[in-house]
There are 2 protein chains.
Amino acid sequence: MSATTEDDDQALVVDVFARACPSRSLLADVTGRWGTLAVLALADGTARFGALRRRVDGVSEKMLSQTLQALERDGLVAREVVTSIPPHVEYTLTPLGQRIAERLRALVEVLEDSVPEVLAARAGHEGRAGAAVPARGRVGA
Amino acid sequence: MSATTEDDDQALVVDVFARACPSRSLLADVTGRWGTLAVLALADGTARFGALRRRVDGVSEKMLSQTLQALERDGLVAREVVTSIPPHVEYTLTPLGQRIAERLRALVEVLEDSVPEVLAARAGHEGRAGAAVPARGRVGA
């Protein structure tokens, strides 16, 4: 997980495992609490804030706003003020955002396909743990 | 982003956008604050807790422990107590964990490759925002 874009220049070594690498904060923005769902929602096309909020079930206005700001700052999302009456704001994935969205979609496809296996693992884990480790109730949390 | 494994059975519709879908909590475990890095570290092979902690630069003992517990509960990671002297614990990706690790690796490769573009976007964004929006200093945070 490291790539050097130029020899003998340590500043250009990119490694997500390194705490100070910018790819670490990019990973946090892209995955994070709501990043993945926001990017995937925008992969379906340009959307207004309200539509995104409805699509990403459970996100608060504040969290969605912060998530979009981080993605805009990273260059994954373009924000455009449309001067209609009343004016509104539209969000669109940039080409960079689209490339990342493809990989996120591939990840989520495997996760969705894994749900039966994961549910079986969780049930088995709670059975083995017995009363010593109470179920943490994270399903659907 | 939805898959139905059986017709006419709403309980089996898997959709990561739905708040109550188990794939949502799985996504949180796999990405989350440290999930991605823990899975990728284990993609290199079986490892002890201490080795994982050194590899995932910046993680605390408590957070790594919680992360591994969640991944074990989801069936991505197997935990084995090796009865050596002194005994120690080893962590290994399951086949399910390996499948997910492949997709995470593909995602992180694009993220690492995107760093120059993202840094340029961040610099431009701060330039445009000027004094109105202070830089949030998230690089390396």
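**Figure 1. Contacts and fold of chain A in the predicted model.** Of the contacts in chain A with a separation of 6 or more, 40% are made between residues 24 or more positions apart. In this predicted model, chain A is built from six helices and five strands, and these elements follow one another along the sequence in the pattern β-β-α-α-β-α-α-β-β-α-α. Chain A has 141 residues, 40% of which are buried. Its accessible surface comes to about 7200 Å², and carbon and sulfur atoms account for 51% of that surface.

**Figure 2. The two copies and the relation between them.** Two copies of a chain are related by a rotation about an axis and a shift along it. Here a turn of 180°, with a shift of 0.0 Å along the axis, lays chain B on chain A with an RMSD of 0.0 Å, which is the relation of a two-fold axis. The same surface serves both copies, since 100% of the contact residues of chain B recur in chain A.

**Figure 3. The interface of chain B and chain A.** The size of an interface is often given as the accessible area lost when the parts come together. Chain B and chain A bury about 6200 Å² between them, with 61% of this area on carbon and sulfur atoms, and the contact takes 59 residues from chain B and 59 residues from chain A. Across this interface there are 10 salt bridges, and the count of residue pairs in polar contact between chain B and chain A is 18. On the side of chain B that touches chain A, at least two residues each are supplied by strand 2 (13-15), helix 1, helix 2 (35-43), helix 4 (61-73), helix 5 (95-113) and helix 6 (115-129) of chain B. Helix 5 of chain B gives the most to this side, with 12 residues.

**Figure 4. Helix 1 of chain A and the residue that follows its end.** Helix 1 of chain A, spanning residues 22-30, is mostly covered, in that eight of its nine residues are buried. The buried residues are Pro22(A), Ser23(A), Arg24(A), Ser25(A), Leu26(A), Leu27(A), Asp29(A) and Val30(A). Just after this helix, Gly32(A) takes a positive phi of about 45°.

**Figure 5. Surroundings of Ser23(B) in helix 1 of chain B.** Ser23(B) lies in helix 1 (residues 22-30) of chain B and counts as buried, because its relative accessibility is 0%, where under 20% is the cut-off for a buried residue. The side chain of Ser23(B) reaches the backbone nitrogen of Val16(B) at 3.5 Å. When neighbours within four places in sequence are left aside, Ser23(B) is in contact with Val14(B), Asp15(B) and Val16(B), and also with Glu112(A) and Val115(A).

**Figure 6. A salt bridge between buried residues of two chains, and the network to which it belongs.** Side chains of opposite charge can pair when their charged atoms come close. A search of the whole structure finds 16 salt bridges over all chains. In one of them, Arg122(B) pairs with Asp29(A), the closest N and O atoms being 3.9 Å apart; Arg122(B) lies in helix 6 of chain B and Asp29(A) in helix 1 of chain A, so the pair joins two chains. Arg122(B) and Asp29(A) are both buried. Within chain A, Arg73(A) forms a salt bridge with Asp74(A), with closest N and O atoms 4.0 Å apart. Arg73(A) is buried, with a relative accessible area of 4%, and Asp74(A) is buried too, with a relative accessible area of 0%.

**Figure 7. A salt bridge between partly exposed residues, Arg99(B) and Glu117(A).** Arg99(B) forms a salt bridge with Glu117(A), in which the closest N and O atoms are 2.9 Å apart. Arg99(B) lies in helix 5 of chain B, whereas Glu117(A) lies in helix 6 (residues 115-129) of chain A, so this pair joins two chains. Arg99(B) is partly exposed, with a relative accessible area of 38%, and Glu117(A) counts as partly exposed at 40% relative accessibility. Elsewhere, salt bridges that share partners join Asp29(A), Arg73(A), Asp74(A), Arg122(B) and Glu126(B) into one network.

**Figure 8. Surroundings of Ala78(A) in strand 4 of chain A.** Ala78(A) lies in strand 4 (residues 77-82) of chain A and is partly exposed, with a relative accessible area of 36%. Ala78(A) and Thr94(A) are 16 residues apart in sequence, and their C-alpha atoms are 6.2 Å apart in space. Leaving aside neighbours within four places in sequence, Ala78(A) is in contact with Glu90(A), Tyr91(A), Thr92(A) and Thr94(A).

How values were computed: Residues are numbered from 1 along each chain as its sequence is written. Chains are lettered from A and ligands numbered from 1 in the order in which they are written. This is a predicted model: local features need pLDDT of at least 70, side-chain atom pairs count only at pLDDT 80 or more; totals for chains, interfaces and linings use all residues. Side-chain values use heavy atoms; hydrogens and water are left out. Copies are superposed by least squares on the C-alpha atoms of residues with pLDDT of at least 70 in both. Contact means heavy atoms within 4.5 Å. Helices (H or I, at least four residues) and strands (E, at least two) are DSSP runs, numbered from the N terminus. Buried means under 20% relative accessible area, exposed over 50%, partly exposed in between (1.4 Å probe, protein chains only). A polar contact is a pair of N or O atoms within 3.5 Å; within protein, one must be able to donate a hydrogen and the other to accept it, and residues adjacent in sequence count only if both atoms are side-chain atoms. Accessible areas come from the Shrake-Rupley method with a 1.4 Å probe; for residues, only the protein chains shown count as cover. Buried area is the accessible area (1.4 Å probe) that two parts lose on being put together, summed over both. A salt bridge is a side-chain nitrogen of Lys or Arg within 4 Å of a carboxyl oxygen of Asp or Glu.
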